[in-house]
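Reader: I should like a close examination of the aromatic side chains in this protein. Please describe how the rings are arranged relative to one another and where they lie.

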Amino acid sequence: MNTPTGSVPIELKRNVALDLVLTILLCGLWNLVLQYEQIKTLNIIFKEERYNIWKLSLFTILTCGIYFIYFEYRKSVDFAVVMKPGHTDDSDAVIAVILSIFGFNFIYDAILQGKINEYIDQQNPIIGS
């Protein structure tokens with residue numbers, strides 16, 4: 001596994017509140033855009049093609065949504081390692097799974113996007129301040 005290092009472009013930050021509002025107003029369709037953007041950003045952070053929107057879409061359809069729950073879990077675990085290397089905190093993973101099971105994955109995506117924005121600010125301290 002590649003260790004994330006270096007700067008992540010500040011342009012990858014997203015407005016969490018706007019994403020939530022658009023997801024609710026568009027009956028969840030905006031979450032597809034958000035998933036694509038998070039996949040793109042996480043692949044840049046990890047410096048490898050770890051996630052793929054087409055694989056996510058195909059396996060989610062084939063498994064009637066079960067793969068998507070696993071995908072949200074996987075994102076949460078992988079990003080937790082980035083935020084706190086060496087720590088084993090599974091609270092985000094539990095939150096991701098529970099929210100995804102009940103159809104509120106967009107809430108976890110907002111939580112994760114806030115953490116991604118925080119990570120980007122840490123990587124760009126002058127611009128992020």
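Author: In this predicted model, the structure holds seven aromatic pairs. One of them joins Y67 and Y70: the ring centres are 5.8 Å apart and the planes meet at 50°, so this pair is tilted, its angle being neither under 30 degrees, as stacking would require, nor over 60, as an edge-to-face pair would require. Both residues belong to helix α4, which spans residues 66–83, and they are three residues apart, about one turn of the helix. The two differ in exposure: Y67 counts as buried because its relative accessibility of 18% falls under 20%, whereas Y70, at 41%, counts as partly exposed.

A further pair is formed by F79 and Y119, with 6.0 Å from centre to centre and 75° between the planes, an edge-to-face arrangement. This pair links distant parts of the chain, for F79 is in helix α4 while Y119 is in helix α6 (residues 105–123), 40 residues apart. Both F79 and Y119 are buried.

Returning to Y67 and Y70, these residues are also members of one aromatic cluster, together with F59 and Y73.

One aromatic ring also has a charged neighbour: R50 lies over the face of F46, at 3.8 Å from the ring centre.

As for covalent links between cysteines, the structure holds zero disulfides. Two cysteines may be noted for their exposure: C27 has a relative accessible area of 74% and C64 one of 73%, so each counts as exposed, the cut-off being over 50%.

Terms used. Residues numbered from 1 in each chain as written. Predicted model: local features only at pLDDT ≥ 70, side-chain atom pairs only at ≥ 80, totals over all residues. Heavy atoms only, no water. Disulfide = S-S within 2.5 Å. Buried < 20%, exposed > 50% of the residue type's maximum accessible area, 1.4 Å probe, protein only. Phe/Tyr/Trp six-rings, centres within 6.5 Å; stacked < 30°, edge-to-face > 60°. Helix = DSSP H or I, 4+ residues; strand = E, 2+ residues; numbered from the N terminus. Lys NZ or Arg CZ within 6 Å of the ring centre and 35° of its normal.
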